[in-house]
Amino acid sequence: MPEQLALSQLYAKGVGGLRAAGYARPLPPDAALGTPLSVNRAYLDSLFFTPRFFSSVEADTSSKILGIPVKVPMFCGPMGGWKTLGEDALVECARGLKAAGALLTLGIGGSDELQRAVDTGVPVVKIVKPYRNTDLIFRKLEDAKRRGCVAVGMDIDHFHGRLVGDSVDLDDTFAPQSEETVRNAIAHTRLPFIVKGVLGVDDALKAVEYGAKAIVVSNHGQASLDCATPSVVALPHIVEAVGARVEVYVDTGFRTGNDIVKGLAMGAVAVGFGNSILLAWGAGKADGVRRLVELLGAEMRRTMSALGCPDCASLRKVQLQRIVT
Ligand SMILES: Cc1cc2nc3c(=O)[nH]c(=O)nc-3n(C[C@H](O)[C@H](O)[C@H](O)COP(=O)(O)O)c2cc1C
């Protein structure tokens, strides 16, 4: 039962569960080097906290993402391909997130699965792809609004296709988006708009200027531009540049509750989880996903208590120590 599993056991069980569902690789199509993911992971692992045990407090991880209450400041990242895991895989994930008081974002995928996810009662955000056919962008945004999404957005980073083996696919489907399209998309939906895939201050400031309410500092897991600045390295610079004008989230390589604490200490409001959610689903469907969120929250509470931080906002003051061995 996922109830009894520790985080490492949940992930280990998830590999078997994903294989049993016919999912050959627990990671998305690889970049040639994959340094954004490996360096992100190494960077996170090099960050340490100084405990303040004499100042220990009861800690509460509850937070808000775009005004939506969540029990842990994390969300399920937008992921296409849920149907390859089974007709009900996304709904099972949505139910697990709903039970854990978490938020679901959706990536590439159709209206039917979006509607089924919304119907579970979990707050759903639709992240539309940067389609070359801009009409499709507007239709998908409209559809998301009509079906009850709480926010929408676009992953601006994934227009160059996907490296699969030594060839690139989907490169005709997507395209870089003009300022005009993004401004119009944001004005058109009237839902809060999230720009995902920001890695530099320049794009971050443009997203603010175009009217976004939030940005995701992200390397798209391992599937974005190889050798681009790792998101964890970019995060503090972007947070400093945008200030309180937008909420800043981060993803790529985050696996634990302590990783979330580190992300928040560097100024993020919430952290996105992709592959970890797939593993949690593989370990126990809805129960596995719920267990993952609960374990992340429990680890956060232990660390926050030891840091003397009663709530997520107070994590901003925490100084991280970087130790490179
Ligand atoms: C199977 C899979 C499919 C994905 N599909 C999308 C997508 O459709 N849109 C998108 O913006 N990001 C997509 N992503 C990227 C995730 O939203 C997220 O940025 C990434 O997985 C975070 O890194 P992590 O997996 O290390 O947590 C996908 C990731 C995976 C693993």
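Trainee: How many residues of strand 10 are buried?

Mentor: This is a predicted model. In it, strand 10 spans residues 193–198 and is mostly covered. Of its 6 residues, the number buried is 6.

Trainee: In what order do the strands of the barrel follow one another?

Mentor: The barrel closes from 8 strands, and their pairing is parallel. From one strand to the next, the twist averages 30°. Strand 10 sits between strands 7 and 11 in the order 4-5-6-7-10-11-12-13.

Trainee: Which residue of strand 10 stands opposite Met154?

Mentor: Strand 7, residues 151–155, runs parallel to strand 10. The two are joined by 4 bridges. Opposite Met154, strand 10 places Val195.

Trainee: Which residue in strand 11 is the bridge partner of Val198?

Mentor: Strand 10 and strand 11 also run parallel, with 4 bridges between them. Strand 11 covers residues 214–217. In that strand, the bridge partner of Val198 is Val217.

Trainee: Which helix makes a β-α-β unit with strand 10 and strand 11, and what is the hand of that unit?

Mentor: The helix lies between the two strands in the unit, and it spans residues 201–210. The unit is right-handed, and its helix is helix 7.

Trainee: Is Asp203 buried, partly exposed or exposed?

Mentor: Asp203 belongs to helix 7. Burial takes 20 or more C-beta neighbours within 10 Å, and exposure 12 or fewer. Because Asp203 has 18 inside 10 Å, it counts as partly exposed.

Trainee: How far apart in space are Asp203 and Ile137?

Mentor: In sequence, 66 residues separate Asp203 from Ile137. Taken from C-alpha to C-alpha, their distance in space is 20 Å.

Trainee: What angle does the direction of helix 8 make with that of strand 12?

Mentor: Helix 8, residues 231–242, packs on the sheet. It touches strand 10, strand 11 and strand 12, the last covering residues 247–250. With the direction of strand 12, the helix makes an angle of about 180°.

Trainee: Which residue of strand 6 is the bridge partner of Leu104?

Mentor: Strand 5 (residues 103–106) and strand 6 (residues 124–128) pair in the parallel sense. Their pairing runs over 3 bridges. In strand 6, the partner of Leu104 is Val124.

Trainee: How many residues of the shell around the ligand are polar?

Mentor: The ligand is surrounded by 23 residues, the closest including Gly77, Gly107 and Asp155. Strand 13 (270–273) and helix 10 (275–307) each supply at least two residues of this shell. By class, 7 are nonpolar and 3 charged, while the polar residues number 13.

Note on methods. Residues numbered from 1 in each chain as written. Predicted model: local features only at pLDDT ≥ 70, side-chain atom pairs only at ≥ 80, totals over all residues. Near = placed C-beta within 6 Å. Nonpolar A, V, L, I, M, F, W, Y, C, P; charged D, E, K, R; others polar. Pairing = 2+ DSSP bridges. Axes fitted to C-alpha atoms, helices over the stretch in contact; angles between N-to-C directions. Contact = placed C-beta atoms within 7 Å. Right-handed = clockwise from strand over helix to strand, strands pointing away.
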